[in-house]
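Let's practise reading a protein model together. Keep the picture beside you and try each task before you look at its solution.

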Amino acid sequence: KPKPNLKVTFELDDGRELIGKACDGDTLLDVVLNNELDLDGFGACEGTLACSTCHLVFSQEDFDRIPNKITDEEMDMLDLAYGLTETSRLGCQIYITKEFDGLRVKVPPAVNDVRLR
Ligand code: FES
């Protein structure tokens with residue numbers, strides 16, 4: 001397995017920053033799990049597009065350069081996410097490549113696990 005050599009910073013609502021290391025091809029969900037980042041409830045459905053707890057907010061610039069566009073399935077889940085923005089994506093659908101080394105993403109203040117409804 002290659003060494004994780006890419007960096008992602010997760011900005012929390014309370015001002016804290018959590019830093020994760022990623023391998024090329026990891027999803028943002030992988031980064032949270034592999035680095036055991038303290039994000040309560042994040043990634044509840046393990047990347048199967050059945051929750052929305054991996055909701056992240058990107059800068060407009062980063063949002064625009066994400067290569068894979070939002071699918072209908074992702075949109076359906078995003079619609080249920082707490083605090084949805086114009087530049088929201090689901091972290092389990094976003095792949096980190098070297099172009100995204102140093103990425104900063106915002107973690108919304110609350111998660112909404114649709115499976116709990
Ligand atoms: Fe559940 Fe991404 S982890 S939709």
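Below are four short exercises, each with a worked solution.

Before you start, note that this is a predicted model, where local features need pLDDT of at least 70, side-chain atom pairs count only at pLDDT 80 or more, and totals for chains, interfaces and linings use all residues. Residues are numbered from 1 along each chain as its sequence is written, and side-chain values use heavy atoms, with hydrogens and water left out.

**Exercise 1. Find which pattern of helices and strands the protein chain follows along the sequence.**

Step 1: Know the terms: helices (H or I, at least four residues) and strands (E, at least two) are DSSP runs, numbered from the N terminus.
Step 2: Count them: the protein chain has three helices and five strands.
Step 3: Put them in sequence order, and you get β-β-α-β-α-α-β-β.

**Exercise 2. Compare the radius of gyration of the protein chain with that of a compact globule.**

Step 1: The radius is taken over C-alpha atoms, and the globule rule is 2.2 Å times the number of residues to the power 0.38.
Step 2: For 117 residues, the rule gives a value near 13 Å.
Step 3: The protein chain has 13 Å, which agrees with a compact globule.

**Exercise 3. Examine the salt bridge between Arg 65 and Asp 62.**

Step 1: Recall the rule: a side-chain nitrogen of Lys or Arg lies within 4 Å of a carboxyl oxygen of Asp or Glu.
Step 2: Check the distance: N to O is 2.8 Å for this pair.
Step 3: Locate the partners: both sit in helix H2 (residues 60–65), three residues apart, about one turn of the helix.
Step 4: Classify their exposure, where buried means under 20% relative accessible area, exposed over 50%, and partly exposed in between (1.4 Å probe, protein chains only). Asp 62 is buried because its value is 11%, while Arg 65, at 36%, is partly exposed.

**Exercise 4. Work through other salt bridges, and say how many there are by this rule.**

Step 1: Take Asp 14 and Arg 16, whose closest N and O atoms are 3.1 Å apart. Asp 14 is exposed at 54%, and Arg 16 is partly exposed at 40%.
Step 2: Turn to Glu 99 and Lys 98, which meet at 3.8 Å, N to O. Here Glu 99 is partly exposed at 49%, whereas Lys 98 is exposed at 59%.
Step 3: Look for a network: salt bridges link Glu 11, Glu 17, Arg 104 and Lys 106.
Step 4: The count comes to eight salt bridges.
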